[in-house]
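Trainee: Please take me closely through one part of this model, with the cut-offs behind each term. I would like to follow the connections from one piece to the next.

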Amino acid sequence: MPTEALSTAEGLIKAPLIHKGKVRELYDLGEHLLIVVTDRISAFDYVLDPPVPEKGRVLNELSSFWFGLTAELQPNHVVHTDANKLGDVVADADKPKLEGRVMVSRKAKRVDIECVVRGYITGGGWRQYQTSGEVNGIKLPEGLRKNSKLEQPIFTPAGKNDVGHDEDIPFEEMARRVGRELAEQLRDRSLALYEFGRDFCDKNGIILADCKFEFGLIDDQIILIDELFTPDSSRFWAKENYKLDVEIDSMDKEPVRSYLANTDWDKNSPPPRLPDEVVQATTDRYQDIYRRLAQSKVGVTVFKPLNG
């Protein structure tokens with residue numbers, strides 16, 4: 001195995017834990033939030049064992065990389081990502097365990113909408129299209145095939161649910177929930193961010209099929225929060241794997257999904273433990289997308305190379 005995985009930062013952080021998600025933990029630093037990205041991995045709404053070494057670092061450093069690239073396009077919540085600046089919140093002996101995994105962020109009031117942009121018709125969008133010819137109420141041309149590139153990217157929001165799956169909603173429902181002016185701003189900013197990410201990925205041999213963003217408000221200013229263009233929030237395809245009418249192998253936790261699909265697990269009981277070779281293959285996937293993007297020849301990375 002490459003390095004020891006971090007399953008939780010509890011016990012390392014001398015600050016109140018205010019939220020523990022499937023992957024991220026949020027600690028209250030007073031003026032700011034401390035986000036710790038662990039190596040936990042989930043599938044089908046279950047957190048699996050064991051965690052995947054380096055996964056948390058990849059997610060956090062990729063987000064940091066993208067937040068830096070897009071800061072002029074869209075303000076974000078990042079204050080810093082340096083574990084050594086956490087002072088006595090973390091013991092000096094424990095700071096190396098958190099290197100590359102922390103993001104100190106400004107506190108924002110979250111807008112409870114997943115801002116999803118689709119540049120290709122696949123996944124849940126494809127299933128909607130097969131049924132109605134529409135995606136989130138947007139009528140699309142007839143005759144599209146699975147994985148077809150859309151003539152223009154489309155904005156397909158989802159209502160956030162803290163329990164269970166997010167709910168696909170039409171834009172008009174989003175406008176009803178958050179107000180039309182804010183809804184239009186979030187739509188326009190999401191489309192601009194997608195186009196930026198799509199073009200950057202394209203120059204590095206990767207297709208950004210779709211992605212999601214989260215936004216918050218600080219004194220009525222719209223702030224990009226959470227994560228940005230990571231394998232957990234975006235669907236990346238290697239250009240060499242692109243085909244129509246098939247299930248394209250995404251550059252994310254596909255080894256985990258494939259393994260679980262070939263077991264007799266019923267998805268309603270505790271999942272089986274992941275074999276070492278599946279964990280290693282997943283680590284390799286996450287490191288590969290990091291290297292292809294954050295260490296690409298297009299753009300400048302400010303991060304140290306990942307281990308291994």
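Mentor: Let's begin with Arg 177 and Glu 167, whose side chains meet in a salt bridge at 3.3 Å, N to O; the term asks for a side-chain nitrogen of Lys or Arg within 4 Å of a carboxyl oxygen of Asp or Glu. Arg 177 sits in helix H4 (residues 171–178) and Glu 167 in strand S14 (residues 167–168), so the pair ties together parts that are ten residues apart in sequence. Helices (H or I, at least four residues) and strands (E, at least two) are DSSP runs, numbered from the N terminus. Both ends of the bridge are partly exposed: Arg 177 has a relative accessible area of 37%, and Glu 167 has one of 38%. Here buried means under 20%, exposed over 50%, and partly exposed in between, computed with a 1.4 Å probe on protein chains only. Elsewhere, salt bridges that share partners join Glu 114, Lys 160, Lys 212 and Glu 214 into one network.

Before going on, keep in mind that this is a predicted model, where local features need pLDDT of at least 70, side-chain atom pairs count only at pLDDT 80 or more, and totals for chains, interfaces and linings use all residues. Residues are numbered from 1 along each chain as its sequence is written, while side-chain values use heavy atoms and leave out hydrogens and water.

Back to H4. Its buried residues are Phe 171, Glu 173, Met 174 and Ala 175. They pack against strand S9 (113–120), strand S12 (149–155) and helix H5 (180–203), where contact means heavy atoms within 4.5 Å. After H4 comes Gly 179, which has a positive phi, near 100°.

H5 in turn leads us to helix H1. The axes of H1 and H5 come within 12 Å and cross at roughly 115°; axes are lines fitted to C-alpha atoms, for helices over the stretch in contact, with angles running from 0 to 180 degrees between N-to-C directions. That crossing makes H1 roughly perpendicular to H5, since the class spans 65 to 115 degrees, with under 35 roughly parallel, over 145 roughly antiparallel and the rest oblique. H1 passes H5 in a right-handed crossing: the near helix is turned clockwise from the far one by less than a right angle, whereas anticlockwise would be left-handed. On the H1 side, Phe 65, Trp 66, Leu 69 and Thr 70 make the contact, and on the H5 side Leu 193, Phe 196, Gly 197, Phe 200 and Cys 201 do. These residues divide into seven nonpolar, two polar and no charged. In that scheme Ala, Val, Leu, Ile, Met, Phe, Trp, Tyr, Cys and Pro count as nonpolar, Asp, Glu, Lys and Arg as charged, and the others, Gly among them, as polar.

Within this contact, look at Phe 196 of H5. Its relative accessibility is 30%, which counts as partly exposed. Leaving aside residues up to four places away in sequence, Phe 196 touches Trp 66, Leu 69, Thr 70 and Leu 73. Its C-alpha atom is separated by 14 Å from that of Ser 63, 133 residues apart along the chain.

H1 (residues 55–70) also meets helix H7 (residues 276–293), with axes that come within 9 Å and cross at roughly 20°. That makes H1 roughly parallel to H7, and the crossing is left-handed. H1 brings Lys 55, Val 58, Leu 59, Glu 61, Leu 62, Phe 65 and Trp 66 to the contact, and H7 brings Tyr 286, Gln 287, Ile 289, Tyr 290 and Leu 293. By class, the contact residues are nine nonpolar, one polar and two charged.

Lys 55 takes us back to salt bridges, as its side chain meets that of Asp 232 at 3.3 Å, N to O. Asp 232 lies in the loop between strand S16 (221–225) and strand S17 (234–238) and Lys 55 in H1, so the pair ties together parts that are 177 residues apart in sequence. Lys 55 is buried, with a relative accessible area of 1%, whereas Asp 232 is partly exposed at 23%. A search of the whole structure finds 29 salt bridges.
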